[in-house]
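Visitor: Could you pick a single part of this model and take me through it closely? I would like to know what surrounds it and how it fits into the rest of the chain.

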Amino acid sequence: MGGPRIIFTRFADSNSPKLTPWRDHRRRVVGSAGQSGRQSSEPLSVVWQLISANNRELARSADVYDDFQDAVSSATEAVELIATDGSVVQVSDERHGSYGWYITLFDLPAVVCSRWYLAERERRHAVALTLKSLPIASITAGARQHVELSTHGQRN
């Protein structure tokens, strides 16, 4: 089995319905701690994810990038700087009784948890695994293209 890696997904439309939960999750985790460092007016959108050796998502980019190279730069920055310049911010959602976290680089959210956790112990484990995996993660070449499936289309 390989080690941890960073994968990229490209969306042809920045208004893709698949990006709405991504943005909502970031907003819920980060809250008012900081606006996205990148605002896109481009139609193309790219995100990155930290994937464990057993193919589980450990963390994800805090932002949606307007081109592939910006996403690669963000992922590279996270890999290279997380151990020395990253700060973990623990958050909780008292309304839902769940725990989350994000990591800042240069005082901006850079990496967010992949999901909310039901117990604080699970959050601690997820943070520790991310901090251990990110500095040794390989960055994959290229991005997979997310294809929007039409609800009106037919399969043959």
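Guide: Gladly. Helices here are DSSP runs of H or I with at least four residues, strands are runs of E with at least two, and both are numbered from the N terminus. Read in those terms, the chain follows the pattern β-α-β-β-α-β-β-β-α-β-β along the sequence, which comes to 3 helices and 8 strands. Please keep in mind that this is a predicted model. The part I would choose is strand β6, residues 108-113.

Let us begin with how covered this strand is. Of the 6 residues in β6, 5 are buried, so the strand is mostly covered, with buried meaning under 20% relative accessible area. For the chain as a whole, 40% of the 156 residues count as buried.

Next come the partners of β6. Strand β5, residues 98-105, pairs with β6 in the antiparallel sense over 4 bridges. Strand β3, residues 57-61, also runs antiparallel to β6, and 3 bridges join these two. V111 is a good residue on which to rest your eye. In β5, I103 is the bridge partner of V111, and S61 stands opposite V111 as well. V111 is also among the residues with the most contacts inside the largest nonpolar core.

On the β3 side, S61 deserves a closer look. This serine lies in strand β3 and counts as buried because its relative accessible area is 1%, under the 20% limit. Leaving aside residues up to four places away in sequence, S61 touches W22, V47, W48, A110 and V112. In a regular strand, side chains alternate between the two faces of the sheet.

On the other side, follow the chain from β5 into β6. The two strands form a hairpin with 2 residues between them, and F106 in the turn has a positive phi of about 55°. D107, in the loop between β5 and β6, has a positive phi too, of about 65°, although it is not a glycine. D107 counts as exposed because its relative accessibility is 71%, and exposed means over 50%. If you then look at the start of β3, you will find another case in the loop between β2 (45-51) and β3, namely N55. N55 is not a glycine either, yet its phi is positive at about 70°. N55 is exposed as well, with a relative accessible area of 54%.

Now step back to the core that V111 belongs to. The largest nonpolar core has 32 residues, and besides V111 those with the most contacts inside it are I6, F8, V29, W48, W101 and L134. Strand β6 is one of the elements that give two or more residues to this core, along with β1 (5-11), α1 (19-30), β2, β3, α2 (68-85), β5 and α3 (120-133). The most comes from α2, with 6 residues. A second, separate core has 5 residues, including F11, L19, V47 and V64. Nonpolar side chains tend to be buried together in soluble globular proteins.

Two members of that second core, V64 and L19, bring us to S45, which touches both of them, as well as F11, T9, R10, S14, R23 and Y65, not counting residues up to four places away in sequence. S45 lies in strand β2, and at 1% relative accessibility it counts as buried.

How do residues far apart in sequence contribute to the contacts? Those 24 or more positions apart account for 68% of the contacts in the chain with a separation of 6 or more. A141 and I7 make a nice pair to look up: they are 134 residues apart along the chain, and their C-alpha atoms are separated by 8.1 Å. A141 sits in the loop between β7 (138-139) and β8 (144-146) and is exposed, with a relative accessible area of 79%.

Finally, a word on confidence. The pLDDT averages 85 over the chain, and 82% of the residues score at least 70. Confidence is highest in α3, at a mean of 97, and lowest in β8, at 59. Over residues 151-156 the pLDDT is below 50, and beyond near neighbours in sequence this stretch has 0 contacts in the model. Where pLDDT is low, the predicted coordinates should not be read in detail.

Terms used: Residues numbered from 1 in each chain as written. Predicted model: local features only at pLDDT ≥ 70, side-chain atom pairs only at ≥ 80, totals over all residues. Heavy atoms only, no water. Buried < 20%, exposed > 50% of the residue type's maximum accessible area, 1.4 Å probe, protein only. Pairing = 2+ DSSP bridges. Core = buried A, V, L, I, M, F, W, Y, C linked by side-chain atoms within 4.5 Å. Contact = heavy atoms within 4.5 Å. pLDDT = per-residue confidence, 0-100.
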